[in-house]
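Please find below my notes on the model, set out as numbered points. They deal with strand pairing, the two ligand sites and several individual residues.

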Amino acid sequence: MDMQTSFLDRLFDAGLLIDTGVDGLYGRSGQFEDVIAAFERLIDRFADDNAEVIRFPPGMSRAIFEKSGYMKSFPQLAGTVHSFCGGELDHMSLLKCMEVGDDWTKDQKATDIALTPAACYPLYPTIARRGRLPATGGLFDLQSYCFRHEPSKDPARQQLFRMREYVCMGTEEQVTEFRQSWMDRGVKMMEAVGLDVVIDVANDPFFGRAGKMLANNQRDQNLKFELLIPITSTAQPSACMSFNYHQDAFGTKWGLELDDGSVAHTACVGFGLERIALALFHHHGLDVTEWPVAARKALWG
Ligand code: 5GP
Ligand code: ZN
């Protein structure tokens, strides 16, 4: 058995994750949730910068999702919500289809909702609608369940997981400074809970051959960094945070303007909350009462 499957089985056996029959879709125990809640309070303490708190649901406007270009870059990861929209005859044929084990989903119609792929996606058009940003720019605190279609036995790769994000909108200087300050804070936070990390340049999993070029370009320009912690592999540690500089790409796409009318630059910093909890359980053991005192103190005071 590989390390990923054996860690997943241990998490099931300990009751921390609950099997649903679908790889990457798990229930979580009260203990697991308590670790995430404690870590989020730690994030709050490190943030301390008056970001505007906004919470979007895990589904977003399909129109906005389409305009975002997600299907160009990551069609393999996307999820859309489909529903039954027919009449009584259609309903009868649907039930018959289910009864004989045929594919009943093919007649489902797309709704106006797509599953949120990253917590910040619904934010940009929302803020653009308000008009120009104030002279100080914009700073936002987000959290959302996110969907990515990548079923896996690796507990660190889930299909529905929570992402806490901070997003900064402003000048190039403001947003790159924001990103650097979170790289420093990220390292300090993980140190406080007893996790060894490295930060490395990274790229998003852009689809196809054209995607390879986009990924290389992203790396060459240092647009994405990740904070990596070993969870189910020491050779390939998992990204538990990412630090992304979008230049003026989202500003241009969504019409985000600074107070002088120039296009806003944006950056976002994402925490993978399940991954951080898993890194803690992997590193300190499945029984939180046995965790090092310093880590427990940082989390629970
Ligand atoms: P990114 O937008 O950089 O791909 O993702 C932001 C953060 O979300 C990652 O650094 C990671 O912590 C978390 N994340 C990304 N994909 C997954 C996943 O498949 N499962 C889990 N649990 N977290 C993920
Ligand atoms: Zn983001």
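1. Strand E10, residues 224-229, is mostly covered in this predicted model: six of its six residues are buried. The cover extends to both faces of E10. Lys224, Glu226 and Leu228 are buried on one side, and Phe225, Leu227 and Ile229 are buried on the other. The charged side chains deserve the reader's attention here, as Lys224 is also among the residues that come nearest to ligand 1.

2. Strand E10 has pairing partners in E9 and E11. Strand E9 (residues 198-201) pairs with E10 in the antiparallel sense, over four bridges, and within this pairing Asp200 stands opposite Glu226. E10 and E11 also run antiparallel, joined by six bridges; here Leu227 of E10 has Met241 of E11 opposite.

3. Strand E11 leads on to the site of ligand 1. It contributes four residues to the shell around this ligand, the largest share. Strand E8 (160-170), strand E11 (238-245) and helix H10 (273-284) each supply at least two shell residues. By class, the shell consists of six nonpolar, three polar and six charged residues.

4. Which residues come nearest to ligand 1? Of the 15 around it, they are Arg148, Gln158, Lys224, Ala239 and Ser242. Two side chains can be described further: a polar atom of Arg148 lies 2.7 Å from an oxygen atom of the ligand, and a polar side-chain atom of Ser242 lies 2.8 Å from an oxygen atom of the ligand. The backbone also takes part, with an N or O atom of Ala156 placed 3.3 Å from a nitrogen atom of ligand 1. On its own, ligand 1 has 490 Å² of accessible area, of which the protein covers 93%.

5. The second ligand is a zinc ion. Its protein donors are Cys120 (SG), Glu165 (OE) and Cys268 (SG), at 2.2 to 2.3 Å. Along the chain, these donors follow the spacing C-x44-E-x102-C. Glu165 in strand E8 and Cys268 in strand E12 (residues 265-272) are 103 residues apart, so that this pair links distant parts of the chain. Both Glu165 and Cys268 are buried.

6. Is Asp141, in strand E7 (residues 138-147), buried or exposed? Asp141 counts as buried because its relative accessible area is 7%, whereas the cut-off for burial is under 20%. The side chain of Asp141 makes polar contacts with two other side chains: that of Arg164, at 3.0 Å, and that of Tyr166, at 3.4 Å.

7. Leu256 belongs to the loop between helix H9 (249-254) and E12. With a relative accessible area of 2%, Leu256 is buried. Ten residues separate Leu256 from Thr266 in sequence, and the C-alpha to C-alpha distance between them is 9.3 Å.

8. A further set of pairings involves strand E6 (residues 109-115). Strand E4 (residues 59-61) and E6 pair in the antiparallel sense over three bridges, with Ser61 opposite Ile113. Strand E5 (residues 80-83) likewise pairs with E6 in the antiparallel sense, over three bridges; the bridge partner of Thr80 in E6 is Ala114.

Methods:
Residues numbered from 1 in each chain as written. Chains lettered and ligands numbered in written order. Predicted model: local features only at pLDDT ≥ 70, side-chain atom pairs only at ≥ 80, totals over all residues. Heavy atoms only, no water. Near = heavy atom within 4 Å. Polar contact = N/O pair within 3.5 Å; in protein donor to acceptor, adjacent residues only side chain to side chain. Areas by Shrake-Rupley, 256 points an atom, 1.4 Å probe, with all protein chains shown as cover. Nonpolar A, V, L, I, M, F, W, Y, C, P; charged D, E, K, R; others polar. Donors = N, O, S within 2.8 Å, 3.2 Å for Na, K, Ca; no water. Buried < 20%, exposed > 50% of the residue type's maximum accessible area, 1.4 Å probe, protein only. Pairing = 2+ DSSP bridges.
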